[in-house]
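Work through the exercises below with the sequence and the three-dimensional structure at hand. Each task is followed by a solution in steps.

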Amino acid sequence: MNKFKLYMLSFLMLFSLACEEFVTDVDPLIDRVTNESLESEEQLEWQLGGIEIQANDAVDHLFVMADLMSDALYYDESRLSGSTWTDGYGYLEYGTPLDDNRPSTTNYKMIALLRFTAEGVLDRVENKIQFSDTQESRNLKARAIFKASFYIGYSKYLLGSYFGIEKNNFGGTINLSAFIPRAELYDMAVADFNKSLEAIQNLENSDEEKNYNIRLINSFLARMALIEGDYSAAESYANKGLLQGDDALLAKYDSKLECSYLDAAYYGSSNVGFGLADKFVDDYVSNDPEELKRISYDQFDGIDGNKFYRQNKYNDNNGANVEITLMSWQEVALIKAESAIRSGGNGDELVNLVRASHGMSSTVNNLNLEGLLVEREKELLLTGIRLLDQVRTGTYHNSGKWECFPIPLEETSQNNNF
Amino acid sequence: MKNLKQKGKNMKNVQKRCLTILLFTLFSSLLIAQTMQIRGKVLSTSGEKLIGANVQIKTLAIGCVTNLEGEFDLEVPSKFVNSNEVILSSSYIGFKEKNETITLSGGILEIDFTLEEDIFESETVVVTGIASKTSKAVAEVAVARIDAKDLTEKQNYQGLSQLIAGKIAGVQVQTNSGNVGGGWRFHMRSGGGLNGNGQPVIYVDGIRVVNEEISGFTPGSQKVSTLAGLNPEDIENIEILKGAAASAMYGTDGSNGVVLITTKSGKGAIKEGQSFRINYKHVYGSNTQRLVYDEDKYLRAKGFNEILDEGGLIRENTVNLTGGSDQFRYYVAYSKRYEEGLLPFQNYMDRNSAKVNLTMYPNNKLSVKLNSNYVWSKGQRAPNEWSWQSWFGNYLAWDKPYKDAEAIKKVKYAHEPTQFLGSVNVSYTPIKNLEIQGGVGIDFNERDEEVHLPKNYDGFYAGWRGLYNNTYKQYTYNLNARYNFSILKDRIKINPVIGTQIIETNSTNHALDAYKFENPAVYIIDAGEENYRIEDNKFHWKKAGIFFENSISLDDIYYMNLGIRKDYASAIGDKAPSIIYPTAGLSIRADRLDFLNLPSAVNLLKLRIAYGESGQLPSLTAGLPLTWTSVVGGGISGAVIQAAGNPAIEPERIKELEFGIDLELFNMFSAELTGYFTTAENSIINLYPAPSSGMAYFPFPFNVGSKEGKGFESLFQFILLRSADYDLNVSFIYNYQENEITNLGDKEEQAAATYHILKIGYPAFEFYQYRALGAEFDVNGNYTGVKFSDEKVPLGNPTPAHTGSFSVNFRFLKNFNFYGLVEYVAGNKVYGETVKIMAENKVYRPDLEYRAALGLLNDDFIQDNGLTHIVKLTPGTDEYVAAAEEYATNYDPSARANYIVDGDYVVIREMSLSYTATDLIKKYLGNDLLSEFVMGVSVRNLAKWSKYDLDPEVNYYSRTGAIGLDSMTLPQPRTFNFWVKLGL
């Protein structure tokens, strides 16, 4: 009997082992790789692409919602046909966003995901990946640190620019931290930008790329200084920023990565999400038809019997291939012009240079600060900048209301610092 | 009835066998001395001679059958004549087995048996474990059984869901919509745990088949079941084990029960001289509009009723060939069913099913069974729910048609499901009392879909075409050995089983579409300028288990069952989770306990209790830590996070205790009462990290949830009349269930599906919305809107607390049969979004009357819509305030809570009248022409009464979306059928 038990026991044990072996022997998944597999030089380009996709995926939604909150786009169910109250758009329109509204929650999550992705790449580049000692590898490492640090800084800039704990107390949280005010977030962003500048200095035999990227970083530093109202710093950064003819930094979209402007502010002919503010057509274009080169729109009949406008800057005429400008030499020129005007000087030449870059022949003459802000409004149309401009210049149309997106409830309810 | 037929079939064989044995016995008795003769008669309680009844001493493996006079004569060989006590038992199909203790002391023993008729079929052998069967009369758990063969002779069923609905205590079938071939789900008892798909596992002839709801390019997000292809006409019977107490031996996934489907197979020669039989059945019927929209309530009902008025045609032809010999039996069938639903031009199915079942007995130690079943269908579903092409939206619920009917008709949502089920099962008995069974089977389940929106249909798409393919290849391997032996002079019988089971699944999913076509006639995918959806998925997983089960009985009174199963499953990236499931059960045949001295009117009294555990696996990849996938967009290809899993994740464990009483009285009343308690522990709850972590989009699974459920289910059967010309049987089912979420980790609640919540202290998937507390007014006293509660609140549950059915079967004037089934559901809520959408679009009169009274409509609208009789109230007055409060809390469509309403209903589900003309035919046309001729009429969903104005039995989504949601969904039709069945 004991022998029998022994046989049975051995049989069961063998069978158990065989079962375990059997069930683990399955085809590998074809749709994913492990985190560890990313720790190699060969996988790095793919990861850098991932940071960029994550950034592009974050900013389109953030910007279209910021533009809705600004006076550039508007939401009006009683006027725009086929526009329905989705995702609390109306709250954004009137500057009364709730902390559980989806648009602001999405923005917050996406910005943090961008930072998380970029920080992961930076950590792997600095601590995990063994680079070979060739120029190609050294350059790859320099570019990787540049790009990862830049987007880490950029995510902090976005967080500090568009979010707040109260209606005009800007800032956000990182990794469940306590509230970090805008100034501190900007300081952190500057540190990250400096790190990316340091990294780009290590590029070998690629001065053109190196210098362009240095100018690009300085352009962002100029914008941040402008938002903070430090015009002299803005001017000095702008002077080191992008030059006429420099490529813009673009976020690119297509049918596989659809731009939120198409989804939210450019529906089919019978349905429209957000309308383009009347002033762009009724004031800016009617006063100067050449503005059509910067302000593209369509006109439709509204529910109320009156016409309304829809933006056509981002459209699906070329498939869904659209580009959002994240930074351009034109913006840098306008920062310089603003600094000049604010310090009693004249910005006409810079502004006219910007206008000429669009093939416009009409010029400005003795432009004042108010006029410059209008120039910015037209030049930087639908790039998420208008809300920041309105707030920093005290011209926000929802006066006394939220000037930013609230830190979402999902964060404050899980973060012990709240 | 069926038993009698069976009886006749067996009789001739039995007589032959009996005679042989008799001759053999007589002959051998001349040669061998010291044998023993046991003689007697087997009679029914009414004194009828039972011809061909078995008489045997099971422990010695000797026996014989009764002759034409109901007499038997059993020869006991001399080697057994040793003065030992043994049990002599007599059994006969349709009767309860009877046992007598005798002493083998030589000579002649005279003994008679009187067998009781098994009116309630409690002696029917049912499955109680993966490799064990026992009679219902002694099973430790409540095993439900549907005699599908019998039912399909009385009623016509579109699919499995209709066949099961209302027949079984504790099992509810929930349909998605009235679409032909649409999706459906089981709801078992109190709903099991929180993980998995909430569905029982399904076996067809021992093969595990895929039970999933698939969503391809569905019209309005409706899913379809992978079981939709199974043809009711091919099914012999269905057995259902309802919870973990009964299903533990089926291992992981069995927590929501097990449904075992046995398909029809050959029964051997029909009668002396006839080795086969051909049956033919023709069904002709129609689906018609049952729910007529009230034109007084819904402004656009008239036009819509006209659209739905066009009924659909049903036509089915089934032919089968069955027969064989003692060594070889076959069943071959082909069936073609064409069925149109409401909106027949876009809602139909054309299903073909072919089946071959072969059983072979090469010798008395071996049997081989081959099953194969191939179903190929095609069909279309009408666009409804939330799509621009929705018939409901354009013609009922929205303020006007945005698409005209001719355009909608051109929209095509076509599907072609195919399924092949094949298996080989071998049973081998190498030595006495040892049986080894092995089987291999495959379920190949494929679904193809094609959608097409013509060019110029919709500006957004400018033509759209989509292709979708989903396949499952699932293999089942079974091997088990069973041994029977007895000790203590046969008082204790022991029946151990050991076995293993392996299931291997491959699944693939592909979708591709294109839109913007230049030429409307050329719309191959390549011709589209852009595409919207590209999908490619491939998964492969395996499950393996070993089990040991032991049934022990004492004196045929006490029955005990103990079992244990160890399961393994694929979980990529982590070690395979192995989990052990125990089970134990006890049943007592109290009617056989002498000391109780029960009156003879108690035909059966069984007490039973059982406990078992089962589980639900985490998803295949839940144990993988951070993983990355590739995303392409804007000309860049990059690594983005795919998922973040928890390597420590374990399966959810479900424990169930079930207890019950089975009772039969006066041979005319039976009751089966069952109570159960279920707990789910280690339920996997996905916790979403805080947004600032950067991981908020990637839920992290933890084993922190738990849920408790309990319930009661009952089945009462009455045989009110039983004679040669009349039978009247009535049965009544009542079930009650409740369940409660008891733990969600450190959370109080977790969002679950659209509009639902998992909340501690409430049942799973409770409706959860802001409540409309009252009205808000501006300074002038005008109504401005609903005053909402600050927080969302639980608003009831879509799963009913009370369910049940009532059925009657009446055979009269010998050959007529009436059958009816009424189902009822109470204590559940429905989210009537269809009505809410109508209110939003100002086409729902009760809403408009309030709006008119509150001054919320302009005069033109009031004039145009016949609301002039409504008195416009003056803001600020008591009447105005009262009306506003009433409107805000009952009708204002800005509050979803106003449209989450009682969904109780009663439905006359099935009704049929049939006439068996076989006697008539034989009388006038002789015996040779037809062996069977039956015809009948039946109706499904004859009438339905519900607290919800529209059809409460439709469900936009399934568990992953919303439950109990009617959102512009096609109601169930009323179905009429005429059928005729011939046997050649």
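**Exercise 1.** Determine which residue forms a salt bridge with B:Arg189, and decide whether each partner is buried or exposed.

*Solution.* Step 1. A salt bridge is a side-chain nitrogen of Lys or Arg within 4 Å of a carboxyl oxygen of Asp or Glu. In this predicted model, local features need pLDDT of at least 70, side-chain atom pairs count only at pLDDT 80 or more, totals for chains, interfaces and linings use all residues, and side-chain values use heavy atoms, with hydrogens and water left out. Residues are numbered from 1 along each chain as its sequence is written, while chains are lettered from A and ligands numbered from 1 in the order in which they are written.

Step 2. The partner of B:Arg189 is B:Glu656, and the closest N and O atoms of the pair are 3.0 Å apart.

Step 3. Helices (H or I, at least four residues) and strands (E, at least two) are DSSP runs, numbered from the N terminus. B:Arg189 belongs to the loop between β13 (184-188) and β14 (201-204) of chain B, whereas B:Glu656 belongs to strand β36 (residues 652-665); the pair thus links distant parts of the chain, 467 residues apart.

Step 4. Buried means under 20% relative accessible area, exposed over 50%, and partly exposed in between (1.4 Å probe, protein chains only). B:Arg189 is buried because its relative accessible area is 5%. B:Glu656 is buried too, because its value is 2%.

**Exercise 2.** Locate the two partners of the salt bridge between B:Glu713 and B:Lys242, and state which network they belong to.

*Solution.* Step 1. In this salt bridge the closest N and O atoms are 3.0 Å apart.

Step 2. B:Glu713 lies in strand β38 (residues 700-722) of chain B and B:Lys242 in the loop between β18 (235-241) and α4 (244-247), so the pair ties together parts that are 471 residues apart in sequence.

Step 3. Both B:Glu713 and B:Lys242 are buried.

Step 4. Salt bridges that share partners join B:Arg189, B:Lys242, B:Lys606, B:Arg608, B:Glu656, B:Glu658, B:Asp662 and B:Glu713 into one network.

**Exercise 3.** Describe the interface of chain B and chain A by its contacts, its buried area and its salt bridge.

*Solution.* Step 1. With contact meaning heavy atoms within 4.5 Å, 56 residues of chain B are in contact with 57 residues of chain A.

Step 2. The size of an interface is often given as the accessible area lost when the parts come together. Buried area is the accessible area (1.4 Å probe) that two parts lose on being put together, summed over both. Chain B and chain A bury about 4800 Å² between them, and 64% of this lies on carbon and sulfur atoms.

Step 3. The rule finds 1 salt bridge across this interface. B:Lys538 and A:Asp27 form a salt bridge, with 3.4 Å between their closest N and O atoms. Over all chains, a search of the whole structure finds 89 salt bridges.

**Exercise 4.** Find where B:Ser215 and B:Ser265 are placed, and classify each by its accessibility.

*Solution.* Step 1. B:Ser215 is found in the loop between β16 (213-214) and β17 (224-225) of chain B. B:Ser215 counts as partly exposed because its relative accessibility is 32%.

Step 2. Not counting residues up to four places away in sequence, B:Ser215 touches B:Lys223, B:Tyr468 and B:Arg533.

Step 3. B:Ser265 is found in the loop between β19 (258-263) and β20 (276-288) of chain B. B:Ser265 counts as buried because its relative accessibility is 13%.

Step 4. Leaving aside neighbours within four places in sequence, the contacts of B:Ser265 are B:Glu236, B:Tyr331, B:Asn357 and B:Lys369.

**Exercise 5.** State the phi values of B:Leu813 and B:Lys814, and classify both residues by accessibility.

*Solution.* Step 1. Phi of B:Leu813 is near 45°, a positive value in a residue other than glycine. B:Lys814, which is not a glycine, has a positive phi of about 65°.

Step 2. B:Leu813 lies in the loop between β44 (802-812) and β45 (816-826) of chain B, and B:Lys814 has its place in the loop between β44 and β45.

Step 3. B:Leu813 is exposed because its relative accessible area is 52%, whereas B:Lys814, with 38%, is partly exposed.
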